[in-house]
Amino acid sequence: MANEDKKDFNAMLHDSKDMPKFQTITDEKSIKKYGGNRMYFAAPIDYDSVMRLVPFGKLLTVGAIREYFAKQNGADFTEPITAGIFISIAAWASHQRKDDQTPYWRTLKANGELNAKYPGGIDAQKEMLENEGHTIIQKGRKNIRYFVKDYESALYKL
């Protein structure tokens, strides 16, 4: 995202965009990739609500949230693009509030990867996770990425 300081992320968080909703996909490649044709779209506030459930020292992945929504709503999968966008909106909305914070830093990308799109980028998320007892490791030489070491052992069960 760009120009975060000029956007009202809390307004975005509460704009449902006519979601939740379902869509039937017909693209065979996508059906094979996602294991079905019934795609679910969760509202932005729904992501925020799930992210708030994660207690100190525990972690969650975007994929786990998507699987949870699909299972809860009888869908084959939850749409991945809006999931990433809405999780970022939840993070920035929390960052803009003085209190009532959502612990967004506990929500990781696939394989325990930190999310550079969160407020303060990798450095801020790294610091918050280390303050909760997690070890952050760096991978790569040119395309450097950061991950929580042994993140699976700290996953929160939805």
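**Briefing: two buried side chains and their chain**

Glu113 counts as buried, because its relative accessibility is 10%, under the 20% cut-off. The model is predicted. His134 also falls in the buried class, at 11% relative accessibility. Each of these residues sits in a loop that borders helix H6: Glu113 in the one between strand S5 and H6, His134 in the one between H6 and strand S6.

**Glu113**

- The loop that holds Glu113 runs between strand S5 (107-108) and helix H6 (121-131).
- The Glu113 side chain makes a polar contact with the side chain of Arg145, at 3.0 Å.
- Arg145 is also listed among the contacts of Glu113 once neighbours within four places in sequence are set aside. The other partners are Leu108, Tyr146 and Phe147.
- Asp8 is 105 residues from Glu113 along the chain. The C-alpha atoms of these two residues are separated by 27 Å.

**His134**

- Strand S6 (136-139) and helix H6 flank the loop of His134.
- The side chain of His134 reaches a backbone atom: the oxygen of Gly57, at 3.2 Å.
- Gly57 is also one of the contacts of His134 beyond four places in sequence. Lys58 and Leu59 are on that list too.
- Leu129, Val148 and Ala154 complete the contacts of His134.

**Fold and contacts**

- The protein chain holds 6 helices and 7 strands.
- From the N terminus, the order of elements is α-β-α-β-α-β-α-β-α-β-α-β-β. Helix and strand alternate up to the end, where two strands follow one another.
- Among contacts with a separation of 6 or more, 63% join residues 24 or more positions apart.

**Size and burial**

- The radius of gyration of the protein chain is 16 Å. A compact globule of 158 residues would have one near 15 Å, so the chain agrees with that expectation.
- Along the principal axes, the C-alpha atoms fill a box of roughly 45 × 35 × 30 Å.
- Of the 158 residues, 42% count as buried. Glu113 and His134 belong to that class.

**Surface and charge**

- The accessible surface of the protein chain is about 9,100 Å². Carbon and sulfur atoms supply 48% of that area.
- There are 24 positive and 21 negative side chains.
- The centres of the positive and negative sets lie 5 Å apart.

Terms used: Residues numbered from 1 in each chain as written. Predicted model: local features only at pLDDT ≥ 70, side-chain atom pairs only at ≥ 80, totals over all residues. Heavy atoms only, no water. Helix = DSSP H or I, 4+ residues; strand = E, 2+ residues; numbered from the N terminus. Rg over C-alpha atoms; globule rule 2.2 N^0.38 Å. Buried < 20%, exposed > 50% of the residue type's maximum accessible area, 1.4 Å probe, protein only. Contact = heavy atoms within 4.5 Å. Areas by Shrake-Rupley, 256 points an atom, 1.4 Å probe, with all protein chains shown as cover. Lys, Arg positive; Asp, Glu negative; His and termini not counted. Charge placed at Lys NZ, Arg CZ, Asp CG, Glu CD. Polar contact = N/O pair within 3.5 Å; in protein donor to acceptor, adjacent residues only side chain to side chain.
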